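User: I would like to go through this structure and ask, term by term, what each description rests on. Please set the values against the cut-offs where a conclusion depends on them.

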Amino acid sequence: MKIARKPKVLFQPNWEEPPVFFLHIPKTAGSSNNQFLRQLYGPGNFHAHTENALPDLTAGKRGPLRVDCISGHIPLWAWHLYEGAQHYARVTLLRDPWARVVSHINWVNLFNHGVAPPRHGPGAQDLATMVDVIKQTDFEDRTSLQTMFDIAQTLRYFSSFDNYQTRMLRIGAMDAMEKQLTASDVDVACDALSDFFYVGFCDQQEAFQKGLTDRLSMPLEPQPIRLNPGRCKVLTVDNDLAAQVFAPWYEKDQALVGYARGWMTGV
């Protein structure tokens with residue numbers, strides 16, 4: 001008779017403070033709030049960018065990770081697969097969807113201005129392609145914008161532009177980061193979000209910090225921190241032409257964020 005193996009524990013709280021997993025959606029001021037969480041929990045009881053530790057954790061080369069606060073670019077569908085994840089209350093920050101797309105495009109453009117892009121790993125080649133495409137794009141010309149949109153759609157990396165907040169929060173489907181999203185995917189993401197311990201918004205960081213510390217009963221005066229300010233901007237949120245062409249990249253996230261704002265305010 002084959003004996004089932006006990007699941008490998010990847011994450012183990014210290015139970016010194018309330019355990020929290022901060023689902024860090026890229027380009028939602030997560031770096032600033034990572035610093036806040038580091039102050040709240042203490043450097044030895046907080047782990048950022050946990051996605052980078054996952055290969056060693058899952059291979060048994062290290063672990064379990066023993067901290068009370070974990071932060072990472074880990075999609076919700078993946079987080080639920082890891083033994084120990086059930087001990088951590090889920091927290092996240094959302095951002096105005098068009099502003100997030102703009103911020104992501106400007107981040108990719110940094111690699112056209114002296115920042116070295118990653119040369120290896122998943123998506124590295126697609127990222128290099130988009131760096132070059134953005135360099136060639138005239139953001140005031142509809143045809144040029146449409147060309148950029150069409151090229152991005154052919155790449156596996158396109159999902160980082162396309163309704164990424166919905167993708168990060170969609171539970172249950174391992175293809176959430178690559179599939180063409182539908183309205184039902186937004187519904188699934190909204191249902192998952194309603195089970196979060198706390199949800200904040202990028203444009204209300206002080207309120208997020210105060211609300212979270214109140215819920216956790218952990219005293220710390222909110223101190224909004226601004227990290228990674230926008231640089232090398234090729235696109236701004238007031239570019240209405242780009243907003244029209246790129247609308248498919250944020251329309252589903254608009255529904256998600258609208259739901260979250262209504263849920264958080266009781267509307």
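Analyst: Leu169 is a useful starting point in this predicted model: leaving aside residues up to four places away in sequence, Leu169 touches Leu23, Ile25, Leu76, Leu94, Ala189, Ala192, Leu193, Phe196 and Leu256.

User: What makes a pair of residues such as Leu169 and Leu256 count as touching?

Analyst: The criterion is contact between heavy atoms within 4.5 Å, and Leu256 is among the residues that Leu169 touches on that basis.

User: Which residues of the largest nonpolar core touch the most other members?

Analyst: They are Phe11, Trp79, Tyr82, Leu94 and Leu169, out of 36 residues in that core. At least two residues each come from β1, α2 (54-58), α3 (76-79), α7, α8 (183-193), β5 and α11 (251-265), and α8 gives the most, with five residues. Apart from this core there is a second, separate one of 27 residues, which includes Val102, Leu127, Met148 and Ala243. As a general background, nonpolar side chains in soluble globular proteins tend to be buried together.

User: Why is Gln165 called buried, and where is Gln165 found?

Analyst: Gln165 is found in helix α7, residues 164-169. Its relative accessibility is 0%, and because buried means under 20%, Gln165 counts as buried. Its contacts, again without residues up to four places away in sequence, are Ile25, Thr28, Leu94, Arg95, Pro97, Arg100, Asp253, Leu256 and Val257.

User: Is Asp132 buried, exposed or partly exposed, and why?

Analyst: Asp132, which lies in helix α5, has a relative accessibility of 44%; this value falls between the 20% limit for buried and the 50% limit for exposed, so Asp132 counts as partly exposed. Asp132 and Phe149 are 17 residues apart in sequence, and their C-alpha atoms are 13 Å apart in space.

User: Why are α4 and α5 called roughly perpendicular?

Analyst: The axes of α4 (residues 97-109) and α5 (residues 124-136) cross at roughly 95° and come within 9 Å. Angles from 65 to 115 degrees count as roughly perpendicular, and therefore α4 and α5 are described in that way.

User: Which residues make the contact of α4 with α5, and how do they divide into nonpolar, polar and charged?

Analyst: On the α4 side the contact is made by Ile105, Trp107, Val108 and Asn109, and on the α5 side by Leu127, Met130, Val131 and Ile134. These divide into seven nonpolar, one polar and no charged.

User: What is the order of the strands in the open sheet, and which are the edge strands?

Analyst: The five strands follow the order β2-β3-β1-β4-β5, with parallel pairing. The edge strands are β2 (46-47) and β5 (198-201), each of which pairs on one side only.

User: How do you know that β4 pairs with β1 and with β5?

Analyst: Pairing requires at least two bridges between two strands. Four bridges join β1 to β4, and β4 (residues 89-94) pairs with β5 over four bridges as well, so both pairs meet the requirement. In the first of these pairs, Val20 has Ala89 of β4 as bridge partner; toward β5, Leu93 is partnered by Gly200 and Leu94 by Phe201.

User: What makes β4 mostly covered, and what does helix α1 lie across?

Analyst: β4 is described as mostly covered with five of its six residues buried. Helix α1 (residues 30-41) lies across β1 (20-23), β2, β3 (69-72) and β4, and runs at about 165° to β1.

Notes:
Residues numbered from 1 in each chain as written. Predicted model: local features only at pLDDT ≥ 70, side-chain atom pairs only at ≥ 80, totals over all residues. Heavy atoms only, no water. Axes fitted to C-alpha atoms, helices over the stretch in contact; angles between N-to-C directions. Buried < 20%, exposed > 50% of the residue type's maximum accessible area, 1.4 Å probe, protein only. Core = buried A, V, L, I, M, F, W, Y, C linked by side-chain atoms within 4.5 Å. Parallel < 35°, antiparallel > 145°, perpendicular 65-115°, else oblique. Nonpolar A, V, L, I, M, F, W, Y, C, P; charged D, E, K, R; others polar.
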